[in-house]
Amino acid sequence: MSTLTKPEAAGTPAGAGDAFLSVRDLRVRFRTEDGIVKAVNELNFDLEAGKTLGIVGESGSGKSVSNLAVMGLHNPRNTTIEGSIKLEGQELIGLPQRDLEKLRGNKMAMIFQDSLAALSPYYTIGRQIAEPFMKHTGANKKEGRERAIEMLAKVGIPQPDKRVDSYPHEFSGGMRQRAMIAMSLVCNPKLLIADEPTTALDVTVQAQIVDLLKDLQQEFGTSIIFITHDLGVIREIADDVLVMYAGRAVERGTMREILKTPQHPYGWGLLSSIPRINASVDIPLRPIPGSPPSLLNPPSGCAFNPRCEFREQVTGDKCRTERPALEEANGHLSACHLTPAQKQSILTEQILPRLSS
Amino acid sequence: MLRFLTRRALGAIVILFLLVLLTYLAVMSLPVDQAMLNCPKGCSPQQLAIVRHNMGLDKSNFEQVLDYVKGLFVGASHGADGFCNAPCLGYSQSRHQFVIDVIMDNYPATIMLALGGSVCFLVIGVTLGMVSAWKQGSLFDTIASSFSQLGQSTQIFFVAPLAMALFVTNLHWLDKPGYTPFTEDPISSITGMILPWLVLSIIFWSNYTRQVRSLMIEQLSEDHIRAARAKGMSNRYVWWRYALRGAMAPIVTIFGLDLGVVLSGAVITEVSFGIHGLGMLAVKSVTAQDTQLELGVLLFSAAAILVFNIVVDAAYGLLDPRVRIG
């Protein structure tokens with residue numbers, strides 16, 4: 001079930017290179033006027049064919065940045081990308097734009113959060129869906145249009161032969177997101193990166209979109225990276241979960257492990273801050289105190305330490321001085337100085353009771 | 001579309017009507033007695049009264065305006081000068097011709113100047129803006145934006161004599177500029193206008209450079225540009241088909257409005273280069289105190305601007321599918 005094999009060396013899954021997508025020691029840096037932003041640091045993960053990896057984290061935690069790096073969509077003028085990204089064994093970092101263009105939209109595709117902004121207002125939905133198909137398969141306009149209609153039908157747009165000539169502003173939010181999914185899947189990509197595809201939608205539509213993605217994954221065997229900050233959506237779709245904080249992976253494991261027995265104070269915070277429909281209305285939500293750190297000048301040691309309510313339990317000043325490695329504790333990987341025993345007792349004595357109240 | 005055009009045309013007519021009222025009021029409040037100007041030296045009060053009656057100046061102000069408006073729609077009889085067909089803009093006392101005929105004689109020069117000039121400023125401005133956006137932050141970008149600033153802050157009456165002194169008097173690259181009808185002699189018609197075109201375009205193209213540059217940069221940062229690249233579209237394709245497409249609607253808008261401005265007469269350029277167009281005519285009508293001609297030129301210019309405003313709004317509906325007109 002798990003695509004994440006247990007670690008042999010710290011934080012590095014075994015069998016590197018076998019996976020469908022394998023990201024090793026990924027670092028992304030932006031040069032800005034204020035200095036260098038270390039947006040992603042030493043990130044490792046694997047994704048097996050046909051599986052879904054959920055990436056969770058706050059805004060600015062590096063989840064989108066790392067996936068734009070996979071797609072090669074960063075502006076090379078102000079971005080440096082180091083490490084290794086292998087898609088079916090092919091190294092993507094350093095690949096010329098021309099070769100990347102052949103992969104993008106073809107072997108790997110991406111869905112964006114704001115479908116209104118991500119579709120050009122000047123061209124019809126049909127044309128925008130047909131464009132990558134025509135480019136990658138050499139199909140002519142008529143075949144492109146037919147394929148667009150076929151894809152619109154597949155993602156559940158009624159009267160696809162009519163709606164193919166509509167403009168994006170004539171679609172509702174949910175329909176636009178379906179159209180964007182059609183656009184990304186038009187060439188049957190093996191990898192689909194969905195960057196918060198449900199965040200801008202209302203809850204009922206969210207569920208439809210998630211179901212649609214799951215159905216299409218079944219049909220095409222696509223591997224999906226699903227970026228979100230909604231743990232509810234993660235539970236619906238992800239096989240494995242990667243939790244990111246300040247550009248680093250802080251926790252990694254199967255969906256069940258991360259949601260049932262999280263081992264990192266940040267993961268506990270995330271779970272505690274979810275509103276529960278059946279919880280007593282008198283119990284306030286527990287937000288994580290503070291705000292995400294600046295990546296220009298991240299805190300020393302563990303990046304989460306200024307916001308961590310358990311750092312007093314770590315002996316010495318390790319949280320402030322030494323960065324915890326991503327290591328196995330109680331079943332899956334987490335990066336925290338607390339001992340496995342401490343984590344277990346905090347989880348069972350403080351966190352779980354909080355969640356069930 | 002038809003509904004939109006009809007509505008806008010009716011609106012334009014209302015505006016023109018108000019314009020007639022306002023300008024007529026302004027002209028009538030001038031201390032110039034048209035009858036006196038048209039009376040021979042030392043004319044007697046009797047003669048003056050006859051002239052006044054012939055020019056319709058003895059009627060009340062209200063009746064005069066009414067006559068003028070009537071003339072616009074059905075024409076008017078001008079006694080010995082014959083019948084002035086609708087749209088009759090009155091009779092020019094200084095030219096001894098119907099105003100509409102004077103304007104039609106002078107308008108081709110303005111059209112020639114406006115069309116050539118607008119092609120120049122559109123091509124130069126958009127090209128510089130595109131390259132500046134492409135090479136953002138480069139030396140070219142800096143130089144182009146400096147030149148744009150310079151162009152926008154300069155004056156035609158300053159540049160025109162300098163350009164003539166340089167290219168005509170000293171370098172002898174061009175003949176003395178002037179208007180020759182294109183149908184008479186196409187080549188000298190063009191060579192005679194090169195300098196006026198370029199000088200006229202100086203104050204306009206800087207605007208296009210800045211607009212195109214910022215629009216392109218703005219477009220390139222849009223999500224749909226990234227999404228298009230994520231589909232595998234090449235940088236060139238994204239640049240031309242996505243970014244430029246988005247920048248086009250505002251540029252066409254500015255261009256339509258500018259075209260209206262230059263087609264309504266570029267006064268300073270025409271006077272600087274001695275081109276007998278609508279702008280020059282406006283100046284001459286004022287110096288000759290020919291109120292009917294002033295009024296006619298003003299109305300004609302206003303109509304040109306209004307027409308292009310309507311064209312721009314109609315074009316916007318065609319260029320941006322989100323804009324629905326009607």
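Start with the seam between domain 1 and domain 2 of chain B: in this predicted model, the two domains bury about 1900 Å² between them, 66% of it on carbon and sulfur atoms. To bring up the two parts, select residues 12-98 of chain B for domain 1 and residues 101-319 for domain 2. Their C-alpha centres lie 36 Å apart.

**Stop 1: the residues along the seam**

Now show the residues in contact: 22 from domain 1 of chain B and 21 from domain 2 of chain B. If you like to hunt for polar links, there are six residue pairs in polar contact here, with both partners at pLDDT 80 or more. Don't look for salt bridges between these domains, as the count is zero.

**Stop 2: the domain 1 side**

Which elements supply the domain 1 side of this seam? Colour helix H1 (2-28), helix H2 (34-37), helix H4 (61-74), strand S3 (91-92) and strand S4 (97-98) of chain B, each of which supplies at least two residues to the side that touches domain 2. Linger on H1(B), since the largest share of that side, eight residues, comes from this helix. Then recolour the domain 1 side by class, and you will find 14 nonpolar residues, seven polar ones and one charged.

**Stop 3: over to chain A**

Next, bring chain A into view and select its contact with chain B. Here 29 residues of chain A meet 22 residues of chain B. Between them the two chains bury about 2300 Å², with 54% of that area on carbon and sulfur atoms. On the chain B side, pick out Arg226(B), Arg229(B) and Lys231(B): these lose the most area to chain A, and together they make up 25% of what that side buries.

**Stop 4: a salt bridge to zoom in on**

Keep Lys231(B) selected and add Glu131(A). What links them? The two form a salt bridge, with their closest N and O atoms 2.9 Å apart. The count of salt bridges between chain B and chain A is one. Widen the view to polar contacts and the count between these chains is 13 residue pairs, both partners at pLDDT 80 or more.

**Stop 5: the chain B side by element and class**

To finish, colour helix H9 (223-230) and helix H10 (235-263) of chain B, which each supply at least two residues of the side that touches chain A. By class, that side of chain B divides into eight nonpolar, six polar and eight charged residues.

How values were computed
Residues numbered from 1 in each chain as written. Chains lettered and ligands numbered in written order. Predicted model: local features only at pLDDT ≥ 70, side-chain atom pairs only at ≥ 80, totals over all residues. Heavy atoms only, no water. Contact = heavy atoms within 4.5 Å. Buried area = accessible area lost by both parts, 1.4 Å probe. Salt bridge = Lys/Arg side-chain N within 4 Å of Asp/Glu carboxyl O. Polar contact = N/O pair within 3.5 Å; in protein donor to acceptor, adjacent residues only side chain to side chain. Helix = DSSP H or I, 4+ residues; strand = E, 2+ residues; numbered from the N terminus. Nonpolar A, V, L, I, M, F, W, Y, C, P; charged D, E, K, R; others polar. Domains from an automatic or database assignment.
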